[in-house]
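Where does this protein leave empty space, and what fills it? The report below takes the open space, then the ligand, then the enclosed space.

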Amino acid sequence: MYKELNNDLIKEYIDETPQVRSLLLDEDESIDRLEVSEIGDGNLNFVYIIKSPRKSLILKQAVPYLRCVGAEYPLSRVRMVFEIEALKIEKEICPQFVPQIYYSSHEMSLVVMQNLDKHKILRGEMINRVLFPKLSEHISTFLADTLFYTTDLFLSSKEKKESVKKFINIELCKITEDFIFTHPYEENETNEYNPRLDMSVVKSFRENRDIKVAVAKMRYKFMSEAQALLHGDLHSGSIMLNQEETFVIDPEFAFYGPIGFDVGIYLANLAMSYLSLEDNEQEYKDYVIGMIKDTWDLFAQKFKANMLNHEKKIKSLQFDYPEGMEHYEYFADSFIRDIFDDSIGFMACEMFRRTVGLAKVADIAGIEDLDRRAQVEKRVLQIASKLITSKYQDIDEVINEII
Ligand code: SR1
Ligand code: MG
């Protein structure tokens, strides 16, 4: 039976759960030897570190409401099932980038997993101006592999449809539909604004026909294009890393959606980190811009290599004739071109919502001087307005809008 845990109840729960207890303690050791602390700073769930003299691990539990709003915003616990199942699939595809799961319980809506205690959250590290030379290589592989190996370009028709069925994540998709694609474009009680933000800029994007049409198209794409199993919330708070290793966490928003959504959300978070920097931080600025360029370029190369690597599958996709491979390569280029356009569209949507919606990014919301923060936010909105209404040849053109 489900029980909402807290620091004390967790010890009892572990005592009654031999699969977890044996990871932490010898049989004759008392549960008093455990130390439990809640460390979650996300919007949805509770996350505990549990330490014993020999090991530490993470226990993450979903509660029947949205944590950042409270009990008045009910949210079913089924989101933990999506998180557990997505972690398993991602782990199979990219074992090096996904934490180890030790135990999971659908009934208790919880997962027990590797404590990444030698790793930190990317967002905080970017706020502290730490450089990670391997990150773009790692994230581009995570994106290219998780997003290719869950598409119809790789799976059989039956496997893909069965997987789509397993990931009908109605409630968390609705959160994205509301908080990314709807509320930022209307007066909504959940929106939050920096009091110094120039509201005429907000008004102008809310009443701009081209922006509204473009956002409506991205929303429709998000709702209807079941291309690949997405992480669904790949911002810089969903990545833990150090100089050697990168882990992608928190896939509770996982569902089958448009590939460009994951890519675009990540690029938007890099762009907002860049825009939060001061004029005199040129070295870090160059580094973040390099991340935007490398992430896209490496993703595109790796996704294309994945597409070209499965000859049997390619032949079954009606390219089984002498020039078939060459024609398939045209298809690959055109497919990746469409992902690029989608990524930039979703990137813009993420930039709008992180400025006027409920969920902010600490890179910008943490700027103490509200006037400077408002200047940064105005720039974010102006760039997002441009990105969503324009067509770009390549990532360099997009970067030119941002710098
Ligand atoms: C109301 S929940 C707001 C956001 O938190 C999650 O991390 C997702 O990004 C969601 O949109
Ligand atoms: Mg999250």
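A pocket here is an open set of grid points, on a 1 Å grid over the protein atoms alone, with protein on both sides within 12 Å along at least five of seven lines. The model is predicted.

**The largest pocket**

By that definition, the largest pocket holds about 1,100 Å³ of space. It is lined by 43 residues. Closest to its centre are D41, G42, N43, G237 and D250. Several elements give two or more residues to this lining: the strands β2 (46-51), β3 (56-61) and β7 (110-114), and the helices α7 and α13. The largest share comes from α7, with three residues. By type, the lining of the largest pocket divides into 22 nonpolar, 11 polar and 10 charged residues.

**Ligand 1**

What takes up space in the largest pocket? Ligand 1 does. Its shell consists of N43, L66, I175, F179, D233, H235, F253, R353, R354, L358 and A359. Six of these residues are nonpolar, two are polar and three are charged. Two helices, α7 (170-179) and α13 (324-356), each supply at least two residues of the shell.

Three side chains place a polar atom beside an oxygen atom of ligand 1. The table gives the distances.

| Residue | Partner | Distance |
|---|---|---|
| N43 | oxygen atom of ligand 1 | 2.7 Å |
| D233 | oxygen atom of ligand 1 | 2.7 Å |
| R353 | oxygen atom of ligand 1 | 2.8 Å |

How much of ligand 1 does the protein cover? On its own, ligand 1 has 320 Å² of accessible area, and the protein covers 95% of it. N43 appears twice in this picture: it is among the residues closest to the centre of the largest pocket, and its side chain has a polar atom 2.7 Å from an oxygen atom of ligand 1.

**The cavity**

Now the enclosed space. Rolling a probe the size of a water molecule over the atoms shows where empty space is left. How many cavities of 30 Å³ or more does the structure hold? There is one. The largest cavity contains about 40 Å³ of space. Its lining is made of I89, E90, F142, T146, T150, L229, L230, H231 and D262. Two or more of the lining residues come from each of α3 (79-93), α5 (135-148) and β9 (228-230). By type, the lining of the largest cavity has four nonpolar, three polar and two charged residues.

Methods:
Residues numbered from 1 in each chain as written. Chains lettered and ligands numbered in written order. Predicted model: local features only at pLDDT ≥ 70, side-chain atom pairs only at ≥ 80, totals over all residues. Heavy atoms only, no water. Near = heavy atom within 4 Å. Polar contact = N/O pair within 3.5 Å; in protein donor to acceptor, adjacent residues only side chain to side chain. Areas by Shrake-Rupley, 256 points an atom, 1.4 Å probe, with all protein chains shown as cover. 1 Å grid on protein atoms, 1.4 Å probe; cavity = no way out; pocket = protein on both sides within 12 Å on 5 of 7 lines; lining within 4 Å. Sits in = over half its atoms within 2 Å of the grid points. Helix = DSSP H or I, 4+ residues; strand = E, 2+ residues; numbered from the N terminus. Nonpolar A, V, L, I, M, F, W, Y, C, P; charged D, E, K, R; others polar. Points joined across faces, edges and corners; volume = space filled by probe spheres on them.
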